[in-house]
Amino acid sequence: MSTQLPLRARLAARATRGVAAISRAAGRGDGSVIGGRVGLGIDPRLLHRLAAGRQVAVVSGTNGKTTTTRLTAAAVGVLGPVASNPFGANLPNGHVSALALAPDTKYAVLEVDEHYLPHVCDGARPQVLAMLNLTRDQLDRAMEVAMIARLWRDTVSGRHLHVVANVDDPMVVWAASTAEEVSWVAAGQRWHDDSAVCPECGSAIERVPHADGVAIHWRCTGCALARPQAQWTLDDQAVVDPDGNRHDVKLSLPGQVNLANAAMALAVASRIGVRPNDALPRLAEVTSVAGRYAIVERDGKAIRLLLAKNPAGWLEAFDMAEQAPTLLCINARDPDGLDTSWLFDVDFAPLRGRRVLISGDRAYDLGVRLAVNGVDFTHVRSFTDALATMPDGRAEVIANYTAFQQIRAELNRVD
């Protein structure tokens with residue numbers, strides 16, 4: 001496939017691979033960002049050129065992008081090698097690197113930052129787009145949720161593209177409703193605070209238990225926006241496809257949210273020609289995603305790493321975490337967002353009664369929030385100090401982005 005590229009694009013792709021390799025050899029990360037930046041500097045149309053001739057699926061949303069991308073790539077892998085960005089380099093630099101490093105694959109599954117979805121859809125021209133969810137995240141520098149929903153809605157309008165969308169998120173449903181083709185997936189939504197108001201008319205969203213006793217039906221009280229009928233649904237630990245076939249999903253990843261991510265992955269993969277039963281063994285093989293969910297043995301502790309970067313993500317992390325000593329780590333650096341006021345939107349009550357340690361650049365902000373919630377805690381200066389104070393056995397670590405990356409590096413966990 002790479003031999004069909006114009007000379008300039010071939011040189012750009014080689015430069016992308018070469019710079020990424022140098023970065024890895026120097027221990028400066030996987031090189032995806034810097035490699036892609038160099039490649040795009042040589043050929044600004046490199047994303048379009050590298051994606052041409054492939055079946056491309058893209059995955060976007062506030063939470064769960066990296067995991068759903070990993071699961072989708074595993075599912076599509078039934079058909080052959082897949083180009084992907086498994087470590088979360090979800091801007092065009094990362095997409096170019098992913099495609100350049102796998103020049104001869106017929107398939108690509110790319111995680112895409114919510115803000116860059118129009119750019120990537122223009123450049124990569126995907127056949128399938130997964131819309132997971134929309135919640136607040138880094139509001140000190142990012143768009144508000146309704147603005148992202150409008151951006152997505154405008155992106156899919158009039159475009160030849162199949163959308164796989166979460167039927168339980170009103171913002172996603174509104175955004176996806178202008179698409180030519182939509183597969184609706186009942187992926188669930190625990191966090192409702194960012195979709196309490198209709199994006200179409202501003203009226204309140206009303207939620208009532210569905211007749212099946214499992215789903216939550218929602219509708220706008222002022223216009224016609226309402227929860228569509230889902231084609232893909234969850235039934236206990238199974239995913240039910242549009243034909244009514246029930247597929248038992250056995251994941252190595254924890255939590256109900258990852259079952260929902262698996263449902264989204266199966267729905268996307270099916271549009272590329274993968275039968276769910278063929279994909280299920282591949283999903284079960286995914287044990288860790290860019291260090292997330294990994295259990296690492298260190299100093300007599302079995303430490304599990306969980307990433308939580310916004311209120312919705314913390315809610316899901318509490319569902320996954322076991323009743324064990326727990327370290328919470330909060331930074332507020334550029335990749336995290338500098339404003340920590342969102343901590344007061346998180347209900348930390350599920351942590352009451354367990355041993356809680358806090359650390360990070362903004363540990364004291366977190367401590368104030370925990371005190372308000374009546375959660376006892378101990379401040380430690382570092383991850384190493386936390387390990388020294390924990391008893392042997394299971395331990396949970398929940399951290400936001402840069403804090404997570406620090407701990408992941410200390411544990412040498414990169415997969």
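**Exercise 1.** Determine whether threonine 326 is buried or exposed, and describe its polar surroundings.

*Solution.* Threonine 326 has a relative accessibility of 0%, so it counts as buried, a class that means under 20% relative accessible area with a 1.4 Å probe and protein chains only. The model is predicted, with local features needing pLDDT of at least 70 and side-chain atom pairs pLDDT 80 or more, while totals for chains, interfaces and linings use all residues. Residues are numbered from 1 along each chain as its sequence is written, and side-chain values use heavy atoms, leaving out hydrogens and water.

Next, place the residue: threonine 326 lies in strand β14, residues 326-329. A polar atom of its side chain is 2.8 Å from the backbone oxygen of alanine 324, and the side chains of threonine 326 and arginine 354 are joined by a polar contact of 3.0 Å.

**Exercise 2.** Find which residues isoleucine 398 is in contact with, leaving aside neighbours within four places in sequence.

*Solution.* With contact taken as heavy atoms within 4.5 Å, the partners of isoleucine 398 include Trp314, Thr326 and Leu328. Threonine 326, in turn, touches Ile398, and also Arg354 and Met390, among others.

**Exercise 3.** Locate leucine 253 and decide whether it is buried or exposed.

*Solution.* Leucine 253 sits in the loop between β11 (246-248) and α9, and its relative accessible area of 6% makes it buried. Its C-alpha is 9.4 Å from that of leucine 283, although the two are 30 residues apart in sequence. Leaving aside neighbours within four places in sequence, leucine 253 has contacts that include Thr67, Leu71 and Tyr293.

Key
Helices (H or I, at least four residues) and strands (E, at least two) are DSSP runs, numbered from the N terminus. Buried means under 20% relative accessible area, exposed over 50%, partly exposed in between (1.4 Å probe, protein chains only). A polar contact is a pair of N or O atoms within 3.5 Å; within protein, one must be able to donate a hydrogen and the other to accept it, and residues adjacent in sequence count only if both atoms are side-chain atoms.
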